[in-house]
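User: I have a structure open and would like to go through it in questions and answers. Please explain each term when it comes up.

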Amino acid sequence: MPAAKKLRTAKLDLSSERPTKKLRVYDTDDGRLWVDRYEPKTEEDLAVHKRKVEDVRRWLLEAFDGGPSAKLQKYRRILALTGPAGTAKTTTLRVLARELGFDILEWRNSMSDRGSSRGTREEFEALFDKFQAFLTRASTCQNVFSSNTSGPSSSQARTTQSSQSSAQTQTPSDSSKRHLILLEDLPNLLHLPTQARFHAALQSLCTPTASSVPTPPIVVIISDSGLRGEQNDDDNWEKGRQWGKKEVLDVRNVLGPEFNPIAPTLMTKALQALLATHFSSSSSHAKGKPPTRDILDIVVESSNGDIRSAVMALQFACIAALPSGSKSKSKSAGTKKQSQSKIKAEGGGNARAVLEAVTRREQSLVLFHLMGKVLYNKRKNDPPATHLSAKEAAKERDLDALLVDPPPLPDWLHLHERRASRVCIETLASDSPIDSSLLGLYIHQNYTQFCNDVDECDGVCDGLSWMDWVGGHLPAHTPYAFPVATLSTLHALPSPVARRGQKVCKPSWFEVRTAEMEAWNGVGDVGAWLGREEASGGLGVSASAGWSHTTIATELGGWLRAVASGSAAGTTVPQPPRSHRLFSHLPWSSGIKGGDVLGEDDEGGGEDGLRDEDEERDVRVLGGVKEEDLDDGAGWWAEADDIEEAE
Amino acid sequence: MSLWVDKFRPRTLDELHYHEGLSARLKSLAASGDFPHMLFYGPSGAGKKTRISCTLKQLFGNGVEKLKIDQRVFISPSKRKLEINIVQSNFHIEITPSEAGNYDRVVIQELLKEIAQTQQVDLNAKQRFKVVIINEADSLSRDAQAALRRTMEKYMSNMRIILCANSTSRLIAPIKSRCLLMRVAAPSPEEMQTVLEHVAKKLRFDLPPEASQQIVADSGGNMRKALLVFEALKMQSPDLSGSLKIAKPDWETYCHKVADLIVQEQTPARVMEVRSKFYELLSHCIPPTVILKTVAERVVERVDENLKADIMHWAAFYECRMRIGNKKIYHLEAWVVKVMSLYKVTKHFVYDFDMSEFE
């Protein structure tokens, strides 16, 4: 990562020396990655949705000028750009910086400082001090950077030399006084004291100062880290998943657009433009041939909206094609079409091999399809589903041909006889977007819909129970949990699974968990109340003031209800805290609370599905299992709701 | 106002109503001057804590009743803050380390070390040692128990430990061997009635014998529960005559209804429904082991003789897994499904049998 950053800086310095934007001429193959070489310079080049860019631009303008009413300025102090990796958050900012003409002061944790630290704590604090110093300097001493008294390079040199900190400035492109602070490489926020200081530092920057010069706006860029299920420690679940977002956004005046994964259409366009530039601008060193449209499509598809990885994959695809495509060494944009058709004629085998090589690593599985693969339990020689196109059915037949039948089992084990599965556990495990414990929760939430009778349920649920039990013994990451969960589920589910328009739901476990925590707080309240009552009862404090929480939860319910009804009847009894209803009141209700239905774009885990609707989503088409016919979903669930109430 | 349970709790060993033999032994122990580590165990509501507090009073006099409640903050190895309530007097300290969950070892170690390393400074104190009471000792983790074992030996001169547990089975052998075991059995129905009458006399009203019998029968040997029910009943119908309806706690009726659901129908959809009920119970702080036990007992009442043993076997099996695992719902549900599939088989069997009779 630091290496990549360095690269980027180096390149930006270089490009700022060369202000020409559209007509870039790369005369040497400098060995840089395409990601850096063809970084967008204008808004047209950006593959980000126009509205997002517009949001950021408006925010920036408001931050600098205060918007139309000129009053918004003090509310535009911190902008948080969030979103998955590779959705052009930083690039958008840089492009806008170019367009609106402001400087970006970026904080970087310098590795050399941290590496040398032996007594970690003191050294680390010192690092944070540097961070703070950077912030103050950046917010107050603006004329040092923007007054063009000295050349850009020397000002930069002065900064670094005067304060061993790694604050680095972009060289100002013009003499405008505007700049903003970019925080991308945040200090270690998992360390609580550091986090507190970080907040304090940001707060102090946000609070309007008396001076007429406003502090520069701050932009924080947070990439969503991957999703993780809950491990042994419940706290980890909350913290580990999205600590960045929560911890940083805990400051007021923060708002910001969330970047979505880049839509395939936009990405394809951008990649095509990139290829065109690459193969036209530098005929002298652009070895290889431009990849075909097929390859491009696969690259786009497999990137899952991560444009950085898409560009990487594309570059790799071009390199890998090198040996075979020796005849078309130099090529101009004009002949591209012809060469493409030539390649196609040369044979799809080559292209496919390249594809395989490029995409295998990048192909990741959307949670929705992962659940589909597990829960539909497709096996060899399943009749093709009705909604499948002929092409897909043929693909399934091809797959079946590759599957080896398992050896026949002896008579006494015939119960366990299954046809060969079309699901490859190893692939699933390596591509899964969620970890085994979250997968367990998803399976648990949904498996009943896919079973025909309770015997099948038994197998699935016993497998989950086993997984949880074994996981309890072992440290957090057991390599067995994932295969056990999937295999036991596949083994137990009927084959083929009857299609009833099942809807995969998100696990309600997390909600229950929250409710439980609240109820335990209620128990705590009542416990404290009991202690107080006893003390005020004039008896002195009894030596056994400890009502254990479990006792309160299980045994005090009846009494609490009697108190409640007694007070309703007019007798004067001191009231226990209201929160007791959280655990003492348990009405019987029939029916099932359904969970949220899992959508194709959801990444799993709680509230992540609540992304705002965007046109981009409609355009996204993802490979893999087709969404099962959702329309006739009413039938099965209606039945479930009709179950007559007990008693 | 305080709960009757607290208000009429015996304060001295002489006031205790039942287990006279035990009281006498505790008295002589307290008088002997050589007081061992102790482990009180017995079913809940039998009077363990009451006996402990009486013993303390016997040991130290009235000073133990001057209590203060502190909240102490411990830092777990992962820098998490743990807040633990500590009840203490000049002579003793009472903790419930299981409140700290997985980090009970930290709490035990820190606290005991701190207490053990300070001598009793009060020259008027009757004993040279302090007493540490550890509640819910059977839910201590292995780690914490191991930590305890070492401390018990090391600081014997300054400190005595009194453990309070429901059963000794979950305590490691070294701890058991270092303690004097005191079994506090559940009171017999007659003894419970005496207690109830005693309370009624203190409050100056008459308790009809039918009512007290009913309360005792309902409480299942749990004195605390009996007194709570008694008080609730008195609040609802002040004269305690006529047909009394002892209200079960909501969760108990709920569990019974869940059991009925299981017996009525055995389909995946029903599994789903039962799960949502379990979720409800869990989110009302009912411990999963209690849920499993209550539901299982009810199911067993309603099935054929030949199934009972199996159902209980699986309940035990999944409870064992549940104690180790993290996600209790898996195990509860796995048990339900197991029972359903067992029950379904026998139901079909009976059905087939009947059909063949007719043919």
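Analyst: Buried means under 20% relative accessible area, exposed means over 50%, and partly exposed lies in between (1.4 Å probe, protein chains only). This is a predicted model, in which local features need pLDDT of at least 70, side-chain atom pairs count only at pLDDT 80 or more, and totals for chains, interfaces and linings use all residues. Residues are numbered from 1 along each chain as its sequence is written, chains are lettered from A and ligands numbered from 1 in the order in which they are written, and side-chain values use heavy atoms, with hydrogens and water left out.

User: At 56% relative accessibility, does Asp14(B) count as buried or exposed, and what is the class?

Analyst: The class exposed begins over 50% relative accessible area. Asp14(B) has 56%, so the residue counts as exposed.

User: Which side chain meets Asp14(B) in a salt bridge?

Analyst: A salt bridge is a side-chain nitrogen of Lys or Arg within 4 Å of a carboxyl oxygen of Asp or Glu. Asp14(B) sits in the loop between α1 (4–7) and α2 of chain B, and its partner, 13 residues apart, is in helix α2 (residues 20–32) of chain B. Helices (H or I, at least four residues) and strands (E, at least two) are DSSP runs, numbered from the N terminus. With an N to O distance of 2.5 Å, the partner is Lys27(B).

User: Where is the partner of Arg302(B), and which residue is it?

Analyst: Arg302(B) belongs to helix α12 (residues 288–302) of chain B, and the partner is in helix α10 of chain B, 42 residues apart. Arg302(B) is partly exposed at 40% relative accessibility, while the partner, at 4%, is buried. The closest N and O atoms are 2.3 Å apart, and the partner is Asp260(B).

User: Are Lys225(B) and Glu252(B) buried or exposed?

Analyst: The side chains of Lys225(B) and Glu252(B) meet in a salt bridge at 3.9 Å, N to O. This pair links helix α9 (residues 223–236) of chain B to helix α10 (residues 250–264) of chain B, 27 residues apart. Both residues are buried.

User: How many salt bridges are found over all chains?

Analyst: Side chains of opposite charge can pair when their charged atoms come close. A search of the whole structure gives a total of 24.

User: What is the relative accessible area of Asp104(B)?

Analyst: Asp104(B) is in helix α4 (residues 104–116) of chain B. Leaving out residues up to four places away in sequence, Asp104(B) touches Pro97(B), Ser139(B), Leu140(B), Ser141(B) and Ala144(B), where contact means heavy atoms within 4.5 Å. Asp104(B) is buried, and its relative accessible area is 0%.

User: Which helix gives the most to the largest nonpolar core?

Analyst: A nonpolar core is a set of buried Ala, Val, Leu, Ile, Met, Phe, Trp, Tyr and Cys residues joined through side-chain atoms within 4.5 Å. The largest has 74 residues, and those touching the most other members include Val295(B) and Trp335(B). With 10 residues, the helix that gives the most to this core is α14(B).

User: In chain B, where is confidence lowest?

Analyst: pLDDT is the predictor's confidence in each residue, from 0 to 100. Chain B has a mean pLDDT of 84, and 94% of its residues reach 70 or more. Confidence is highest in strand β1 (residues 38–41) of chain B, at 93, and lowest, at a mean of 77, in helix α14 (residues 328–358) of chain B.
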